[in-house]
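Reader: Please take me through one part of this model in close detail. I am interested in the open and closed spaces inside it, and in the helices around them.

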Amino acid sequence: MLVFPLEWFPLNKPSVGDYFHMAYNIITPFLLLKLIERSPRTLPRSMIYVSIITFIMGASIHLVGDSVNHRLIFSGYQNHLSVRENPIIKNLKPETLIDSFELLYYYDEYLGHSMWYIPFFLILFMYFSGCFTPTKAESSMPGAALLLVVPSGLYYWYLVTEGQIFILFIFTFFAMLALVLHQKRKRLFLDSNGLFLLYSFALTLLLVALWVAWLWNDPVLRKKYPGVIYVPEPWAFYTLHVSSRH
C-alpha cells in the first residue's frame, strides 16, 4: 500500500499487495512443510496437516479482511478508532450495516489472526526443538546469517505488533529459552539455525519494547488499546500520525 498506492488500481479489484498476500498464503505453508521435514523432532503427520490447513484458512481470512480494510483507509477509515467510532462508519444506514463491519473486523483481527499465528508459531517451535547439537563447535553462526537477523527481527516485530499476538509470541519465546536451559543440562547446544531463530526473537522483543516505550504516553492509542498489554498496531499509528498530515 505504501509502495504501490491503492489509487493506482481499481478499488473493486485486488491490488499488488493483495497478490503478494496470495503468494504468501501459498509459499509460506510450503516452506513450513519443508522446514518441518528437516527437523529431527516433529509432530504427528496428521497434526502437521491440520496445522497447515488451519494456517492457510486463517491467513486467507486475514487477506480478505485486510484488503477491505485498506480500501476503507483510502476512503477515510481511521485504524486508531474502533469500528463504531469511525466517522465513515457510525452514520451508516441502516445501522445493521455497522454490525456487518464489526463482524468483518472480528474475522480479520481475532479469528483470522488466531488461526494464522497459532499453527505458525507451533511449527516454528517444533522446528526449534530439533536445532540442538552435542558439539559445541557447531553452536555458532556465520557472519552472513548475523546480517539476516535484522530483517528477520523486523519481520517478526511487524507480525507481533500488527497481528496483536504479543502474548503468543512471548509465550513461544519463553518456551524456547526454557528448552535451551533444559537441553544445556544434557550438554546439547543450539546449532546455527536455532541460534538464528533465537536471536531473531530476542531482537523482536527489543523492538517491541522500544515501540511501546515510544508510544507509551499517546492518549489516542491508549484509548484504542486499553488493556494490560499495550502494543499499538503500526497501521493505527499510520492513520493517526502519518496519513492525517496529508
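Author: What follows goes from the overall chain to the pockets, the cavity and the helix contacts beside them.

The model is predicted. The protein chain has 9 helices and 2 strands. From the N terminus on, the order is α-α-α-α-β-α-α-β-α-α-α. Along the principal axes, the C-alpha atoms fill a box of roughly 65 × 40 × 30 Å.

Start with the largest pocket. Its volume is about 780 Å³. It is lined by 26 residues, and Gly17, His21, Asp66, His70 and Tyr158 are the closest to its centre. Four helices each supply at least two residues of this lining: α1 (16-37), α2 (45-74), α4 (96-129) and α5 (143-163). Among these, α2 gives the most, with 6 residues. The lining of the largest pocket has 14 nonpolar residues, along with 8 polar and 4 charged ones.

Now the second largest pocket. Its volume is about 580 Å³. Here 27 residues form the lining, and the closest to the centre are Tyr105, Tyr110, Gln164, Tyr225 and Glu233. Helices α4, α5, α6 (166-185) and α8 (219-224) each supply at least two lining residues. The largest share, 6 residues, comes from α4. By class, this lining divides into 15 nonpolar, 7 polar and 5 charged residues.

Gln164 deserves a second look. It is one of the residues closest to the centre of the second largest pocket. It sits in the loop between α5 and α6. Its phi is positive, about 55°, although Gln164 is not a glycine.

Next comes the closed space. There is 1 cavity of 30 Å³ or more. The largest cavity has a volume of about 180 Å³. Its lining counts 18 residues, with Asn69, Tyr77, Asn79, Tyr105 and Asp108 the closest to its centre. Both α2 and α4 supply at least two residues of that lining. The classes are 9 nonpolar, 3 polar and 6 charged.

Tyr105 links two of these spaces. It is among the residues closest to the centre of the second largest pocket, and it is also among those closest to the centre of the largest cavity.

Helix α4 recurs throughout. It supplies at least two residues to the lining of the largest pocket, at least two to that of the second largest pocket, and at least two to that of the largest cavity. Its neighbours are therefore worth following. 

Take α2 with α4. The axes of α2 and α4 come within 7 Å and cross at roughly 145°. The crossing of α2 past α4 is left-handed. The contact of α2 with α4 has 17 nonpolar, 7 polar and 2 charged residues. Both helices also supply residues to the lining of the largest cavity.

Then take α4 with α5. Their axes come within 11 Å and cross at roughly 145°. This crossing is left-handed as well. On α4, the contact is made by Glu109, His113, Tyr117, Phe120 and Leu124; on α5, by Tyr156, Leu159, Glu162 and Gly163. By class, that contact has 5 nonpolar, 2 polar and 2 charged residues. Both α4 and α5 supply residues to the linings of the largest pocket and the second largest pocket.

One backbone detail comes before α4. The peptide bond from Lys93 to Pro94 is cis, with omega near -5°. Pro94 is placed in the loop between α3 (87-90) and α4.

Finally, the record. An unreviewed UniProt entry places the feature "transmembrane region" at residues 20-36, 48-65, 110-128, 140-158, 164-182 and 194-216. Two of these spans can be set against the model. Residues 140-158 are 84% helix and 0% strand, and their end C-alpha atoms lie 27 Å apart. Residues 194-216 are 91% helix and 0% strand, with end C-alpha atoms 33 Å apart. Some residues named above fall at the listed positions. His21 is within the annotated span 20-36. Tyr158 is the end residue of the annotated span 140-158. Gln164 is the start residue of the annotated span 164-182.

Technical notes
Residues numbered from 1 in each chain as written. Predicted model: local features only at pLDDT ≥ 70, side-chain atom pairs only at ≥ 80, totals over all residues. Heavy atoms only, no water. 1 Å grid on protein atoms, 1.4 Å probe; cavity = no way out; pocket = protein on both sides within 12 Å on 5 of 7 lines; lining within 4 Å. Points joined across faces, edges and corners; volume = space filled by probe spheres on them. Nonpolar A, V, L, I, M, F, W, Y, C, P; charged D, E, K, R; others polar. Axes fitted to C-alpha atoms, helices over the stretch in contact; angles between N-to-C directions. Left-handed = near helix turned anticlockwise from the far one by under 90°. Contact = heavy atoms within 4.5 Å. UniProt positions renumbered as here; feature names shortened; annotations may be inferred.
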